[in-house]
Amino acid sequence: MPPSASDLGITLLVQLAVTMPFVVPRGPELPPATWSAYAVTTLGVLPLVWRRRAPLSVLCAISFAGLGYRLALDGPGQPLPYAPLVAVYTVAALSPRRARIAMMVLAVPLIAVGVAVNTGEVRELLFTLIVFFGACTLGTLTRTRQAYAAAAERRAAEQAVVRERARIAREMHDVLSHSVALMVVQAEAGPVAVRTDPDRAEAAFDAISETGREAMVQLRRMLGVLREDAGDPRGPQPVVAELPALLERVSGSGLAVSYDTTGVVRPLPLDTEATVYRVVQEALTNVVKHAAADRVAVRLDYGRETLGITVTDDGRGPAASGPGGGHGLIGLRERAAAHGGTARTGPGPGGKGFEVVVTLGVGQ
């Protein structure tokens with residue numbers, strides 16, 4: 001609900017409350033309910049419509065209207081000072097510190113004058129002070145709660161920025177690491193192939209060119225999301241349908257690459273599709289850089305609520321990577337954890353080569 005509509009609703013509700021003494025039957029000994037008294041009472045409520053724009057001014061206007069009502073008219077009284085209490089609450093909740101201090105300084109003498117004009121009883125003075133400070137307390141609690149909520153939103157926004165930066169950095173790392181690794185392997189094999197197998201050398205140079213172009217396309221994708229006019233801050237991202245092209249580029253480095261799926265192949269959420277692509281890309285990059293393998297197999301296992309990704313090579317195995325895990329497992333584990341999944345690595349079937357198994361939660 002817009003604030004202006006909320007303020008109008010509160011004003012109408014307070015007006016309804018102050019109207020009750022004018023419409024209920026009154027004894028002959030009570031002050032008469034005249035139209036002039038009702039008009040002045042309404043003037044003491046109407047400023048609440050602007051309570052958010054000028055809280056302290058609204059409080060002063062309502063207070064002076066109420067004081068004038070007591071001095072100039074002998075009309076029905078109110079069980080509670082509804083409009084002044086709403087104004088006090090608003091000042092305590094929305095006004096800066098200087099305005100709140102001014103309210104506290106002016107309120108006590110004005111309350112004392114109002115009580116003196118009305119009954120002059122200590123009981124009324126104590127009651128009025130209690131409800132006044134009660135409204136102040138409620139407004140202060142509201143202001144504190146809003147401040148905490150705003151601080152929490154800022155922290156959440158800052159954390160979202162940090163996560164997004166980390167995501168973009170991870171994406172750029174994956175793209176550059178994969179592409180550069182393939183180009184280095186193909187470039188190193190090129191000079192030898194030129195002398196012994198010109199056709200293979202030509203294929204290697206074509207693969208280098210294609211890998212470079214694909215890297216530029218994906219980098220433009222990610223750099224494009226940093227533009228201020230980017231519509232979707234997370235797209236476009238690679239999808240599972242692009243895996244065959246990725247595997248074809250990897251096979252250009254000399255690896256024999258196979259690709260298979262099990263289960264019912266179905267569309268996945270876009271962020272999951274991007275994660276599947278990046279997991280396979282990172283695993284293949286590690287194979288090219290570290291495994292010294294001849295063959296690598298990629299398999300996607302579609303389950304009802306999970307998707308399994310298995311990348312197996314016939315290379316030197318985990319011993320070649322050393323204790324730090326040269327197969328780049330940290331990024332794989334982070335991606336799996338982001339989708340409620342797991343990542344494990346170890347020797348391939350029969351204790352040979354190296355195998356990466358990542359399981360993602362994808363729902364039904």
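In what sense do strand 1 and strand 2 pair, and over how many bridges? In the parallel sense, over seven bridges.

The legends below describe a predicted model, where local features need pLDDT of at least 70, side-chain atom pairs count only at pLDDT 80 or more, and totals for chains, interfaces and linings use all residues. Residues are numbered from 1 along each chain as its sequence is written, and side-chain values use heavy atoms, with hydrogens and water left out.

**View 1. Strands 1 and 2, with the helix that links them into a unit.** Strand 1 covers residues 256–262 and strand 2 covers residues 295–302. Helices (H or I, at least four residues) and strands (E, at least two) are DSSP runs, numbered from the N terminus; two strands pair if DSSP finds at least two bridges between them. Look for Val 257, which sits opposite Val 296 of strand 2. Add helix 9 (residues 270–291) and you get a left-handed β-α-β unit. For the handedness, a crossover is right-handed if, with the strands pointing away from the viewer, the path from the first strand over the helix to the second runs clockwise.

**View 2. The open sheet of five strands.** Reading across, the strand order is 1-2-3-5-4, and the pairing is mixed. Strand 1 and strand 4 (342–347) are the edges, each pairing on one side only. From one strand to the next, the twist averages 10°; axes here are lines fitted to C-alpha atoms, for helices over the stretch in contact, and angles run from 0 to 180 degrees between N-to-C directions.

**View 3. The hairpin of strand 4 and strand 5.** Strand 5 (residues 354–361) pairs with strand 4 in the antiparallel sense, over six bridges. Thr 345 has Val 356 as its bridge partner, while Thr 342 stands opposite Thr 359. Six residues lie between the strands, and Gly 350 in this hairpin takes a positive phi near 75°.

**View 4. Helices lying across the sheet strands.** Helix 8 (residues 243–251) lies across strand 1 and strand 2, at about 160° to strand 1. Helix 9 lies across strand 2, strand 3 (306–313) and strand 5, and runs at about 15° to strand 3. Contact means heavy atoms within 4.5 Å.

**View 5. Helix 3 against helix 4.** The axes of helix 3 (residues 55–72) and helix 4 (residues 82–94) come within 9 Å and cross at roughly 160°. The pair is therefore roughly antiparallel: angles under 35 degrees count as roughly parallel, over 145 as roughly antiparallel, 65 to 115 as roughly perpendicular and the rest as oblique. Their crossing is left-handed, meaning the near helix is turned anticlockwise from the far one by less than a right angle, with clockwise giving right-handed. On the helix 3 side, Pro 55, Leu 56, Leu 59 and Ile 62 meet helix 4 residues including Ala 83, Pro 84 and Val 91. The contact residues split into nine nonpolar, one polar and no charged; Ala, Val, Leu, Ile, Met, Phe, Trp, Tyr, Cys and Pro count as nonpolar, Asp, Glu, Lys and Arg as charged, and the others, Gly among them, as polar.

**View 6. Helix 1 against helix 2.** Helix 1 (residues 3–23) and helix 2 (residues 35–43) pack at about 160°, axes 10 Å apart, and their crossing is right-handed. Gln 15, Val 18, Thr 19 and Phe 22 of helix 1 meet Ala 37, Tyr 38, Thr 41 and Thr 42 of helix 2. That makes four nonpolar, four polar and no charged residues.
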